[in-house]
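Q: Could you take a close look at a single strand for me, along with its partners and its surroundings? I would enjoy one connected walk through the details.

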Amino acid sequence: LKFQEKTQTVTGFYDTGNLLSDPLTGKPVSIAEEQALADLVPAAALNGLRNMQETVGKYDDPLWESLHPHFIVFSSVNDHGGMLPAITLEEMCIYRGEQIVYVYHPVIAVSSSPFDSKGAYQMILNGKMM
């Protein structure tokens, strides 16, 4: 993952059932654990995402605006659904064996909950990305 010249390597789980798409751009949406983005996205921006419902429209910060923060509505098998805050990063590079997929301006929903208790992966890749 890349944002403002910083890069962060995460392990992703390719989920063919994750077909979320951004209603604003039509792009596929992957989901990352908030902790996996901690070294990539400034702490103030992650805090803003956590409290985005209360802070929408109150930030006049070019960094915040460059993330294009918004909400993604979702539903899942184990849950009734809800909303996740989402951001747009500069780039995502997916390594799948010998195959490399570059995604420019990927939309990433941010989850405050970990996906896997063993920490094997920190991101759920969208099924439309491969």
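A: Happy to, and let us begin with a pairing: E4 and E10 run antiparallel to each other and are joined over 2 bridges. Within that pairing, Ile31 has Ile124 of E10 standing opposite. Please keep in mind that this is a predicted model.

On its other partner, E4 (residues 29–33) meets strand E9 (residues 107–111) in the parallel sense, with 5 bridges between them. Two of the facing positions can be named here: Val29 stands opposite Val107 in E9, and Ser30 stands opposite Ile108 in E9.

Now for the strand's own residues. E4 is mostly covered, with 5 of its 5 residues buried. In a regular strand, side chains alternate between the two faces of the sheet. Along E4, Val29, Ile31 and Glu33 point one way, while Ser30 and Ala32 point the other way. Both sets are buried, which here means under 20% relative accessible area.

Stepping back to the sheet, E4 is one of 6 strands in an open sheet with the order E3-E10-E4-E9-E6-E5 and mixed pairing. Its edges are strand E3 (12–15) and strand E5 (70–74), each of which pairs on one side only. On average, neighbouring strands of this sheet are turned by 35° against each other, direction ignored.

Ile31 leads us on to the pockets. Rolling a probe the size of a water molecule over the atoms shows where empty space is left. The largest pocket has a volume of about 530 Å³. Of the 16 residues that line the largest pocket, Ile31, Phe74, Ser75, Ser76 and Ile124 lie nearest its centre. So the list includes Ile31 and Ile124, the two residues that stand opposite each other in E4 and E10. By class, this lining holds 8 nonpolar, 6 polar and 2 charged residues.

E10 also takes part in the second largest pocket, where E3, strand E7 (91–96) and strand E10 (123–126) each supply at least two lining residues. E7 gives the largest share of that lining, with 6 residues. This second largest pocket has a volume of about 400 Å³ and is lined by 18 residues, with Leu1, Val10, Cys93, Ile94 and Tyr95 lying nearest its centre. Its lining divides into 10 nonpolar, 5 polar and 3 charged residues.

For a contrast with the strand, consider helix H1 (residues 43–50), where Ala45, Leu46, Gly48 and Leu49 are buried. These four lie on the same side of H1 because they cover an arc of only 155° around the axis. Ala43 and Ala44, on the other side of H1, are exposed.

Finally, back to E9, with a look at the loop before it. His105 sits in the loop between strand E8 (99–104) and E9. Most residues other than glycine have a negative phi. His105 has a positive phi of about 55° although it is not a glycine, and at 46% relative accessibility it counts as partly exposed. Another positive value belongs to Glu5, with phi near 65°. Glu5 is placed in the loop between strand E1 (2–3) and strand E2 (6–7), and is exposed, with a relative accessible area of 67%.

Technical notes: Residues are numbered from 1 along each chain as its sequence is written. This is a predicted model: local features need pLDDT of at least 70, side-chain atom pairs count only at pLDDT 80 or more; totals for chains, interfaces and linings use all residues. Side-chain values use heavy atoms; hydrogens and water are left out. Two strands pair if DSSP finds at least two bridges between them. Axes are lines fitted to C-alpha atoms, for helices over the stretch in contact, and angles run from 0 to 180 degrees between N-to-C directions. On a 1 Å grid over the protein atoms alone, a cavity is a set of points where a 1.4 Å probe fits but cannot get out, and a pocket is an open set with protein on both sides within 12 Å along at least five of seven lines; lining residues have an atom within 4 Å of a point. Grid points are joined across faces, edges and corners, and a volume is the space filled by probe spheres set on the points. Ala, Val, Leu, Ile, Met, Phe, Trp, Tyr, Cys and Pro count as nonpolar, Asp, Glu, Lys and Arg as charged, and the others, Gly among them, as polar. Buried means under 20% relative accessible area, exposed over 50%, partly exposed in between (1.4 Å probe, protein chains only). The arc is that of the directions from the helix axis to the C-beta atoms.
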